[in-house]
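Visitor: Please pick one part of this model and take me through it closely, from its framework down to single residues. I would like one connected account, with the cut-offs spelled out as they come up.

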Amino acid sequence: MAGGIYLIQDDDRLVEMMEQPYDSEDQLQDLLVTYPNLIAGDQIDRATARRWLLISREAAPSDEETAVQWSLDHLFLDQNAVPTLVDVRRTPNAELRQKVLGQSIDYAANALFYWPIDSIISLFEANCRDRGRDPEQIFEEFLGADANEDRFWQKVKTNLQAGKVRLVFVADEISAEMRRVVEFLNEQMDPVEVLALEIKQYVSEDGLRTLVPRVIGQTAEAQQKKSSATRERRRWDESSFFAEIKARRGADEAQMAKAIYLWAKSQEPEVQIQWGTGDAYGGFAAQLAHRGRKPYQLFTVDITGRMEISADNYGSQPPFNGEHNWLELRSKLSSIGLSLPTEPGERRSPSLALFTLQDESALKQVIQTFDWVIEQIQAL
């Protein structure tokens, strides 16, 4: 056994606790589920300690048709809605280390594809049911009674789209080789944060047990890069957005986005354009103001080349919160590729890819559908 640590009891007795390996990876995984604070949020961010919302243990890709056959050990979110992907191994050797690193980078690169926001919400709710807890109660305990849950989930999606995720490799011992790799990746990958977490276990002869977490990978250079990126909040506008979407998605998709934007502008002053902020993700929302009511967000268009709506936004307000009107809306939106849930108010964010609108008739049908939506709302 390796050297230990010492506890001073109330009777001034010195208790030696010796380092002891975990019985299995499952034991270490169970500890993270029961005690998420072991992920040492105070070491990851010393200014504002990270707190953790467990989304799922053994989170598999949501797409059943994918050829990838694996599951992530743990998926957490922190209070800033940053997805935190945790992989647990007991003292990985060189071969296993390479496999773990490669697989985890795969997770980060494909997180939005493997876990779209609807899937993440479903995983969270299923995890709460399995633990016999109310999802709303857990969410309130995590962010407070005044937190806007819909806004939080939207921020999760924004972070995924921007590639803003955190990879955490957990083991009872992090080798010097693993440390160098993690430090290198954390310096080079932006905005992805790559960390290793060593959690050593110490046990006394009379059964006392202490767990000591230590975050590895935060070099001064990496911390400076990440903090600088965090401070940058770009305000998008018409010029920057269309230049960016053309560079990322090509002239055809930029043209589709511009046609939708110009239609929304033609509806002013009833429809207002709201531009988003972010260093890597951006887009605009079309909102309909109507008789002093809460504005309707008709849809958003972003630089990933997608148009999206919020099912909960539509289903929670008249006229579409009624069963008949909801079914009619569902039919109309389904015809243009936006699939609403059966019941109004269910959290879901259907989207369609702009490249599917290159046919002029398809784009015309989308615009006509939202013309109809506006008519239904204004008829109240």
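Guide: Here is a walk around one sheet and the elements that pack on it.

First, the ground rules. The model is predicted, so local features need pLDDT of at least 70 and side-chain atom pairs count only at pLDDT 80 or more, while totals for chains, interfaces and linings use all residues. Numbering starts from 1 along each chain as its sequence is written, and side-chain values rest on heavy atoms, with hydrogens and water left out.

For orientation, the chain holds 13 helices and 13 strands; these are DSSP runs numbered from the N terminus, helices being H or I of at least four residues and strands E of at least two. Of its 380 residues, 46% count as buried, where buried means under 20% relative accessible area, exposed over 50% and partly exposed in between, using a 1.4 Å probe and protein chains only. Among contacts (heavy atoms within 4.5 Å) between residues at least 6 apart in sequence, 62% join residues at least 24 apart.

Now to the sheet. It is open and has 5 strands in the order β9-β10-β11-β12-β13, with antiparallel pairing; two strands pair if DSSP finds at least two bridges between them. The edges belong to β9 (271-275) and β13, each with a single partner strand, so one side of each lacks a neighbour in the sheet. Direction ignored, neighbouring strands here are turned by 20° against each other on average; for such angles, axes are lines fitted to C-alpha atoms, for helices over the stretch in contact, and the angles run from 0 to 180 degrees between N-to-C directions.

At one edge, β9 pairs with β10 (residues 283-288) in the antiparallel sense over 5 bridges. Within that pairing, Ile-273 faces Ala-286 of β10 as its opposite residue. Two helices then pack on the sheet. α10 touches β9, β10, β11 (296-302) and β12 (306-308), and its direction makes about 130° with that of β9. α13 also packs on the sheet, touching β9, β10, β11 and β12, with its direction at about 160° to that of β11.

Let's stay with α13, which covers residues 360-378. Its 19 residues reach 27 Å from the first C-alpha to the last, close to the 27 Å expected at 1.5 Å a residue; the expected span is 1.5 Å times one less than the number of residues. Its buried residues are Leu-363, Val-366, Thr-369, Phe-370, Trp-372, Val-373, Ile-374 and Ile-377. As background for reading that list, an α-helix has 3.6 residues a turn, so residues three or four places apart point the same way.

The other helix, α10 (residues 251-266), has a helical partner of its own. α9 (residues 238-249) packs with α10 at an angle of about 150°, their axes 7 Å apart. From α9, the contact draws on Glu-238, Phe-241, Phe-242, Ile-245, Lys-246 and Arg-249, and from α10 on Ala-251, Glu-253, Ala-254, Ala-257, Lys-258 and Tyr-261. By class, this contact counts 7 nonpolar, no polar and 5 charged residues; Ala, Val, Leu, Ile, Met, Phe, Trp, Tyr, Cys and Pro are nonpolar, Asp, Glu, Lys and Arg charged, and the others, Gly among them, polar.

Between α10 and β9 there is a loop that holds Pro-269. A cis peptide bond joins this proline to Glu-268, with omega about 10°.

Last comes Gln-358, in the loop between β13 (351-353) and α13. Its relative accessibility is 42%, so Gln-358 counts as partly exposed. Not counting residues up to four places away in sequence, Gln-358 touches Asp-252 and Met-256. Gln-358 and Asp-252 are 106 residues apart in sequence, yet 7.2 Å apart in space, C-alpha to C-alpha. Closer to home, the side chain of Gln-358 reaches the backbone oxygen of Phe-355 at 3.4 Å. That is a polar contact, meaning a pair of N or O atoms within 3.5 Å; within protein, one must be able to donate a hydrogen and the other to accept it, and residues adjacent in sequence count only if both atoms are side-chain atoms.
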